[in-house]
Amino acid sequence: MTGRVIQMAFVAYIAFVAFTLFLVAASACDRKERDSGVSAPRLSFVDRDREVPAFSADSAYHFIERQVSFGPRNPGSEGHRKTRDYLVGTLQSYAGSQAVYVQQFTHTGYSGEMYRMGNIIASFRPGMGDRVMLLAHWDTRPRAEKDPDPLKRSQPIPGADDGGSGVGVLLEFARIFHDHPPPLGVDILLFDGEDYGREGDLDYYFLGSRYWSENPPVPEYRPRFGVLLDMVGAGDAVFPREGFSMQYAPGLVDEVWEIARQMGYDHLFVDEKGSSIADDHWIINRKTGIPTINIIHHKPPRPLQTAINFPEHWHTHADDMDIISTETLQAVGEVLLELVYNRIR
Ligand SMILES: [Zn+2]
């Protein structure tokens with residue numbers, strides 16, 4: 001090897017090292033830009049020995065049934081328009097018309113069509129600075145790619161559990177908050193467009209929570225935390241400790257699962273680590289830094305398994321009213337009411 005070749009090899013090596021460092025720095029910047037950079041506040045809880053109002057699973061069931069009666073609620077559908085009016089009207093009847101806000105936005109769909117979309121927000125005790133938020137998505141999936149019948153895979157799903165159940169529980173909370181004002185401010189946020197994207201196309205999922213996170217309707221909005229409910233109504237439900245919830249708000253996960261254990265619901269809120277599931281809470285944690293957890297039906301992953309064990313009805317036409325269980329709704333409702341009314345320091 002001549003000196004000149006060695007010199008060239010050295011230059012190439014330096015260039016390689018510099019390029020590698022550049023890549024590392026670029027990916028660090030990328031992460032920084034995507035993450036809010038706000039570190040999660042330490043959440044602390046206490047048992048205040050307050051009376052907690054009763055949760056009615058029958059009422060929550062009714063709220064799910066009403067949504068499903070409008071048909072599939074995918075963006076652009078008649079069911080979507082009717083459900084939006086129904087949700088706004090119902091929340092206004094409990095929170096007052098001044099305390100319900102629809103954050104409108106548009107989204108261009110896969111075929112170039114323009115969808116009118118809306119995040120529906122109801123604020124209870126709006127004057128209070130100390131707040132928490134409760135979340136669900138109100139849209140349903142425009143296709144059923146997991147359906148065993150290939151002919152049905154392009155049809156929109158009923159979404160009784162996926163979409164309907166979380167909203168049903170939160171409408172029942174709205175009814176309760178009206179009769180029993182919570183001890184701190186509570187915002188119910190119903191996101192649109194969570195389930196629009198084709199499988200794997202994450203840019204087309206979470207449309208509402210992304211829009212909300214990037215365009216906060218209330219500047220400097222800093223609730224203590226958020227709890228997302230997604231697929232909380234099926235008879236065979238289990239809720240392991242979802243991975244991103246553990247990453248961003250482990251103290252809140254501990255408290256919610258401990259409440260469930262104390263109430264005898266540990267067969268549902270199982271004390272096992274779940275999968276890390278991209279959902280509205282993942283967007284909110286990364287974009288706003290508000291610690292937010294997800295209560296979501298899936299089975300804990302087996303060792304070395306990467307696919308998520310969602311329930312059989314997930315993204316199929318079986319996701320209809322006959323899989324909804326008032327026992328499951330009752331457990332989720334009671335656990336969260338205990339959190340909101342009695343455990344926040
Ligand atoms: Zn879904």
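Does alanine 249 sit among enough C-beta neighbours inside 10 Å to count as something in particular, and what does alanine 249 count as? With 25 of those neighbours, alanine 249 counts as buried. (A residue is buried if 20 or more other C-beta atoms lie within 10 Å of its own, exposed if 12 or fewer, and partly exposed in between, with C-beta atoms placed from the backbone.)

**Before you click**

You're looking at a predicted model, where local features need pLDDT of at least 70, side-chain atom pairs count only at pLDDT 80 or more, and totals for chains, interfaces and linings use all residues. Residues are numbered from 1 along each chain as its sequence is written.

Now show the whole chain: it has 9 helices and 6 strands. These are DSSP runs numbered from the N terminus, with helices (H or I) of at least four residues and strands (E) of at least two. Of the chain's 345 residues, 43% count as buried.

**Stop 1: alanine 249**

Select alanine 249, which lies in the loop between H6 and H7. Then add leucine 43: the two are 206 residues apart in sequence, yet 8.1 Å apart in space, C-alpha to C-alpha.

**Stop 2: helix H4**

Next, select residues 160–179, which form H4. Because 18 of its 20 residues are buried, H4 is largely enclosed by the rest of the structure. Try the distance tool on its end C-alpha atoms: they are 26 Å apart, which agrees with the 28 Å that 20 residues should span at 1.5 Å a residue. (The expected span is 1.5 Å times one less than the number of residues.)

**Stop 3: H3 against H4**

Keep H4 and add H3, residues 78–95. Their axes come within 8 Å and cross at roughly 20°, so H3 is roughly parallel to H4. Axes here are lines fitted to C-alpha atoms, for helices over the stretch in contact, and angles run from 0 to 180 degrees between N-to-C directions. Angles under 35 degrees count as roughly parallel, over 145 as roughly antiparallel, 65 to 115 as roughly perpendicular and the rest as oblique.

The crossing of H3 and H4 is left-handed. (That is the name if the near helix is turned anticlockwise from the far one by less than a right angle; if clockwise, it's right-handed.) To see the contact, show Thr90, Leu91, Tyr94 and Ala95 of H3 with Leu171, Ala174, Arg175, Phe177 and His178 of H4. Two residues are in contact if their C-beta atoms, placed from the backbone, lie within 7 Å.

**Stop 4: H2 against H4**

Swap H3 for H2, residues 57–69. The axes of H2 and H4 come within 8 Å and cross at roughly 130°, which makes H2 oblique to H4. This crossing is right-handed. Among the H2 residues that meet H4 are Tyr61, Phe63 and Ile64.

**Stop 5: H7 against H9**

Move on to H7 (residues 250–262) and H9 (residues 326–342), whose axes come within 9 Å and cross at roughly 120°. That makes H7 oblique to H9, and the crossing is right-handed. Glu255, Val256, Ile259 and Ala260 in H7 meet Val335, Glu338 and Leu339 in H9.

**Last stop: H8**

Finish with residues 280–288, helix H8, where 7 of the 9 residues are buried. Trp282, Ile283 and Ile284 are among the buried ones. Show what covers them, including strand E3 (131–137), strand E4 (185–191) and helix H5 (207–214). Just after H8, find glycine 289, whose phi is positive, near 75°.
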